[in-house]
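Take a moment to look over the structure below. The paragraphs after it lead through the chains, their contact, a sheet and the cores.

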Amino acid sequence: MAGNRYSRRDFIRMASVAALSGFGLSGVSCKKADLEEFLQKHYLEMTEEDKKRTIKRLEEKYLKKYGKQFTISTQGAKPGTLWGYGLDLSRCIGCRRCVYGCVKENNHSRYNPQLHWIRVLRLPEGSLINLENAEHYYDPALVPEPGYVYMPVQCQHCENPPCVKVCPVHATWKEPDGLVVVDYNWCIGCRYCIAACPYKGRVFNWAEPNIPAEELNTAVHYLGNRPRYKNVVDKCTFCVQRVRQGRYPACVEACPTGTRKFGNLLDPNSEIRYLIDHKRVFRMKEDLNTEPKFYYFFGL
Amino acid sequence: MYYSKQQDVCLERVNMRRIVLLSFLLSLFVFCWVLDGRAKEEDFPVPRPPFSEGIFPCSNCHAGMEANTKRRELKEEHTNIQLKHGSVSRWCLDCHDATNRDMLKLASGEHIDFSHSYELCGQCHGPTYRDWKVGVHGKRIGYFDGGPRTYFLCVNCHNPHDPKFKPIKPEPPPFKPLYKYNPAARSGK
């Protein structure tokens, strides 16, 4: 074996030196913030100290990118809350005010790509459960149109969410107050969750978001409406930044007909509990055992 | 001795009567108070009623006028109001008051402020009023917990003279996938 110029030990030594120097070089060429972002922990594993540092770094990053000072909240779930949503199908007129109210509140990309968290389905009257008849590109001069009903669909915040089960890196999870959220810094963009969701509740950032600077909402939550990145999945959070402060979600406030209701399912005096107790209620695709916390009801 | 005993009994009787009368009056007062409390509706955080511009207070014009309580078609003033709300059985002075123009009138004759108009609507629309009070009918904005909130009045969404909700223009539909990267193509340009 005298012909062998390198022993195994030599090989390992050289390889590790090369790897180290490569890593060191890349560390020099990339900025400290980028490295920190790369080495950032999973949100649920962060200590308070880690969170503070991450928030500070993100605020600086957003300030540089968008020219505006963001306030990123990491407010946790309030004990004793489980958020539920009610939507009155006898009153929805399909005007899509909720869709654009959501776009503004939650810093969606406006075009290239255009992302919406709410999809308003139009169905022929009397065929509410035949979703294959649904159309969401309808564009009449006036709504409601005779002979049609409208059914807005967004993330249903399932108690048994299939999207969470399929995530290979646990970048999405259910919070203690029932909200299904995404850590945009942990998401690898594999889109398994989009395939798993039976409600088409998730969207993908195919490119860097396009948000007009003057329309940016700077009051954001880490798990909610902060501007997203290219190649991450996002979804409705019931406006986590609002509801944890006790405010109605943006879609509730945008609706001109009072179709949308929101409240704490654990509070027997809440609006949502009243409508579940007193109105005819159903949940979408109940047979899939996803246990949505989004209740469609008939006020009339 | 005998006389004074009789006097004592007499006094006792008078005292008893007084006590009975007093307690009766007291219970009557409490009863009325409870009834009164029941009749009063609680206050809700409502916005200012949507008056047409320059029309309120009504007494600005009506102050010097004599009230004509005869049911008729108004030809000179308020001609823009077409009553499409039970117009066969109802007219202006069923809800507006002839003596106090700046108030509304309940069926009982009680006067209420315009900001309490939900009581007036609730006289006929009972189930809707019940739903509105718990927040299942109508619109609420602001904080549901720990902050200021606004409950929209019936008349913020429904014109009381013509309450049916009018069709509105919808916001634009989402881009079709084909045009996702080319929004200009959507309009055919």
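A residue counts as buried if 20 or more other C-beta atoms lie within 10 Å of its own. Keep that cut-off in mind for strand β12 of chain A, residues 294-298. Four of its five residues are buried, so by this definition the strand is mostly covered. The model is a predicted one.

Start with the chains. Chain A has 300 residues, and 39% of them count as buried. Its secondary structure comprises nine helices and twelve strands. The C-alpha atoms of chain A fill a box of roughly 90 × 45 × 40 Å along the principal axes. Take the contacts in chain A between residues at least 6 apart in sequence: 65% of them join residues at least 24 apart.

Chain B has 189 residues, of which 9% are buried. It holds five helices and four strands. Read from the N terminus, its elements follow the order α-α-β-β-α-α-β-β-α. For chain B, 47% of the contacts between residues at least 6 apart in sequence join residues at least 24 apart.

Now turn to where the chains meet. Chain A brings 33 residues to the contact and chain B brings 28 residues. On the side of chain A, three elements give two or more residues: α4 (97-105), β10 (260-264) and α9 (271-278). Sorted by class, this side of chain A has 16 nonpolar, ten polar and seven charged residues.

Return to β12(A). Which strands does it pair with? One is β2 of chain A, residues 83-88, which pairs with β12(A) in the parallel sense over four bridges. Within that pairing, G86(A) has Y295(A) as its bridge partner. Another is β11 of chain A, residues 280-282, which runs antiparallel to β12(A) and is joined to it by three bridges. Here R280(A) is bridged to F298(A).

Strands of a sheet pair through backbone hydrogen bonds, either parallel or antiparallel. Both senses occur in this sheet, whose pairing is mixed. It is an open sheet of four strands in chain A, in the order β10-β2-β12-β11. Why do β10 and β11 of chain A each have one side without a neighbour in the sheet? They stand at the edges, each with a single partner strand, so one side of each is left free of a neighbour there. From one strand to the next, the twist averages 30°.

The partner of β10(A) is β2(A); five bridges join them, and they run antiparallel. In this pair, L87(A) stands opposite R260(A). Helix α9(A) packs on the sheet and touches β2, β10, β11 and β12 of chain A. Its direction makes about 110° with that of β10(A).

Last come the cores. In soluble globular proteins, nonpolar side chains tend to be buried together. The largest nonpolar core here has 60 residues. Which of its members touch the most others? They are C98(A), C102(A), I118(A), F238(A), V240(A) and C251(A). Several elements of chain A give two or more residues to this core, among them β2, α4, α9 and β12. Look at F238(A) in particular. Leaving aside residues up to four places away in sequence, F238(A) touches W83(A), Y85(A), H157(A), L179(A), V243(A) and P249(A). A second, separate core has eight residues, including F114(B), Y118(B), L153(B) and C154(B).

Conventions
Residues numbered from 1 in each chain as written. Chains lettered and ligands numbered in written order. Predicted model: local features only at pLDDT ≥ 70, side-chain atom pairs only at ≥ 80, totals over all residues. Buried ≥ 20, exposed ≤ 12 C-beta atoms within 10 Å, placed from the backbone. Contact = placed C-beta atoms within 7 Å. Nonpolar A, V, L, I, M, F, W, Y, C, P; charged D, E, K, R; others polar. Pairing = 2+ DSSP bridges. Axes fitted to C-alpha atoms, helices over the stretch in contact; angles between N-to-C directions. Core = buried A, V, L, I, M, F, W, Y, C linked by C-beta atoms within 7 Å.
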